Amino acid sequence: MSHLIRWQRPSFPSWSPLNRLSSLRSEIDRLFENPLAELSHASRLLSGWSPSLDVQEDKDNFYVQAELPGMRKEEIELTLHDGSLSISGERKADQKYEEAEVYRAERFVGRFQRTVALPTPVAADKVKAQYKDGILTVTLPKSEEAKPKQIEVKVG
Amino acid sequence: MKTTVQQETSNQSLTQEFEAPEVNIFETKDGYVLEAEMPGVSKEGLEITLEGNEITLVGHRNHETPPGTSLFRERRPADYKRVFELDPAIDTSKVSARIEQGILTLTLPKSEEVKPRKISVE
C-alpha cells in the first residue's frame, strides 16, 4: 500500500513530471554547449545523413575511416570506381521496437552515401576493409606506379 | 530546488570536451530501452553510473588512428557523455547494458508493482 503512486499520464516526453523544468533547462544547456552539432541535425532534414570521414595517407596506403555505428557488415556497400571510393548502405529501424512508444528518435534511419576521391591510383584488388566498434576502416594500397620512388642520379 | 542546482554544477564542472551521443528512447509495458550511438567505443571504454534517479553515460573512444598524415579530417576526437533523469518507475537494480558496433543498448525495466495489472473483482 505504501508504494501506491497516483498515476499521471505524462503530457510531453519527459522522465518525470516533477523535473520538467530542470530537463528543459538541461536541453537548452545542451543546445548551447555544442551549437554546431545541433545545426547539423537540422540540416539533415534537407540533405540527409552521411557518415563522418577521416582520410590518412602514408607512403604505401590510403586509410579511410567512417563512423557507421549499428550496421551489420553485410549491409555496408563499398565500391571503387575511377579512383573514388563510395561507401553506402541503409540504416534500418530496429523491428523489435515497432510496438513501443517512442520518446526520442534522434538516430538517423535511411539510405546514405559518401564518396571520397583519392588523389593517386590504388590497387583495387588489394583493398581491405574492417568494421569494428561501429567504425569502418578501409585500407587502399597505392598502385605500384603511384608510389614515390627513389630516382637514382648518375653522374657522368 | 537544491537537487536541481547540484545537478547543474556537476555537469558544468567538466573541463574535458564531450559530445552528446544521439539516442533513441522507447517505452514498452515492461520498461524502457535506450540506444545511444557511440562509434569508436568498446565495452572497456564505457562508464555508466547511476546516482539517485540520474544515469550518466560516458563512452571513451579507442584512439586508434591509422598511420601516416591526415588528408581530410571530419571525425571529432571528443568522448561521449549524456545524462538522463530516470522515471521513478524504473527498478534501478535491474538496469543492464550492452554495446555492439558502437551502439550502447540500455535496458531499464520497470519495477513489478508499477506494471499494469488486472485487479480481479471479488
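Good morning. I begin inside chain B, where strand E3(B) and strand E9(B), the latter covering residues 103-109, are joined by seven bridges and run antiparallel. One pair in this register is Ala36(B), whose bridge partner in E9(B) is Leu104(B). What you see is a predicted model, with an ipTM of 0.78 and a pTM of 0.73.

Let me stay with E3(B) for a moment. On another pairing, E3(B) runs antiparallel to E2(B), with five bridges between them. Within that pairing, Ile25(B) lies opposite Leu34(B) of E3(B). The connection from E2(B) to E3(B) is a hairpin of three residues. How enclosed is E3(B) by the rest of the structure? Six of its seven residues are buried, so the strand is largely enclosed.

Strand E9(B) has a further partner. Strand E8 of chain B, residues 96-100, pairs with E9(B) in the antiparallel sense, and five bridges hold that pairing. Here Arg98(B) has Thr105(B) as its bridge partner in E9(B). E8(B) and E9(B) also make a hairpin, with two residues between them. In that turn, Gln101(B) has a positive phi of about 45°.

As a general remark, the strands of a sheet pair through backbone hydrogen bonds, in either a parallel or an antiparallel sense.

I turn now to the open sheet of chain B. Four strands make up this sheet, in the order E1-E7-E5-E4, and the pairing is mixed. Which strands form its edges? They are strand E1 (18-19) and strand E4 (46-51) of chain B, each of which pairs on one side only. Further in, strand E5 of chain B, residues 54-59, pairs with E7(B) over six bridges in the antiparallel sense. Gly59(B) finds its bridge partner in E7(B) at Tyr80(B).

Next, the nonpolar cores. In soluble globular proteins, nonpolar side chains tend to be buried together. The largest nonpolar core in this model has 17 residues. Those with the most contacts inside this core are Tyr32(B), Leu34(B), Ala36(B), Met38(B), Leu104(B) and Leu108(B). The elements of chain B that contribute two or more residues to the core are E2, E3, E5, E7 and E9. Which element gives the largest share of this core? It is E9(B), with four residues.

Ala36(B) deserves a closer look. Leaving aside residues up to four places away in sequence, Ala36(B) touches Pro21(B), Val23(B), Leu57(B), Arg82(B) and Leu104(B). Leu104(B) therefore appears both in this list of contacts and as the bridge partner of Ala36(B) in E9(B). A second, separate core has 14 residues, including Val55(A), Phe62(A), Val64(A) and Ile135(A).

That brings me to chain A. Chain A contains two helices and eight strands. Read from the N terminus, its elements follow the order α-α-β-β-β-β-β-β-β-β. Of its 156 residues, 17% count as buried. Among the contacts in chain A between residues at least 6 apart in sequence, 54% join residues at least 24 apart.

One residue of chain A may serve as an example. Lys128(A) is located in strand E7 of chain A, residues 128-132. Is Lys128(A) buried or exposed? Lys128(A) has 10 other C-beta atoms within 10 Å, and is therefore exposed. Lys128(A) and Thr139(A) are separated by 11 residues in sequence, while their C-alpha atoms are 5.2 Å apart in space.

How do the two chains meet? In the interface, 38 residues of chain B are in contact with 36 residues of chain A. On the side of chain B that touches chain A, at least two residues each come from helix H1 (2-12), strand E2 (23-27), strand E3 (31-37), strand E6 (69-73) and strand E7 (79-85) of chain B. By class, that side of chain B has 15 nonpolar, 12 polar and 11 charged residues. The chains also share strand pairing: strand E5 of chain A, residues 101-105, is joined to E2(B) by four bridges, and the two run antiparallel. In this pairing, Glu101(A) has Glu27(B) as its bridge partner.

I close with confidence. Chain B has a mean pLDDT of 85, and 88% of its residues reach 70 or more. Over residues 1-14 of chain B, however, pLDDT stays under 50, and the model has four contacts beyond four places in sequence for that stretch. Helix H1 (2-12) of chain B, one of the elements on the side that touches chain A, should be viewed with those values in mind. Thank you.

Terms used:
Residues numbered from 1 in each chain as written. Chains lettered and ligands numbered in written order. Predicted model: local features only at pLDDT ≥ 70, side-chain atom pairs only at ≥ 80, totals over all residues. Contact = placed C-beta atoms within 7 Å. Nonpolar A, V, L, I, M, F, W, Y, C, P; charged D, E, K, R; others polar. Pairing = 2+ DSSP bridges. Buried ≥ 20, exposed ≤ 12 C-beta atoms within 10 Å, placed from the backbone. Core = buried A, V, L, I, M, F, W, Y, C linked by C-beta atoms within 7 Å. pLDDT = per-residue confidence, 0-100.
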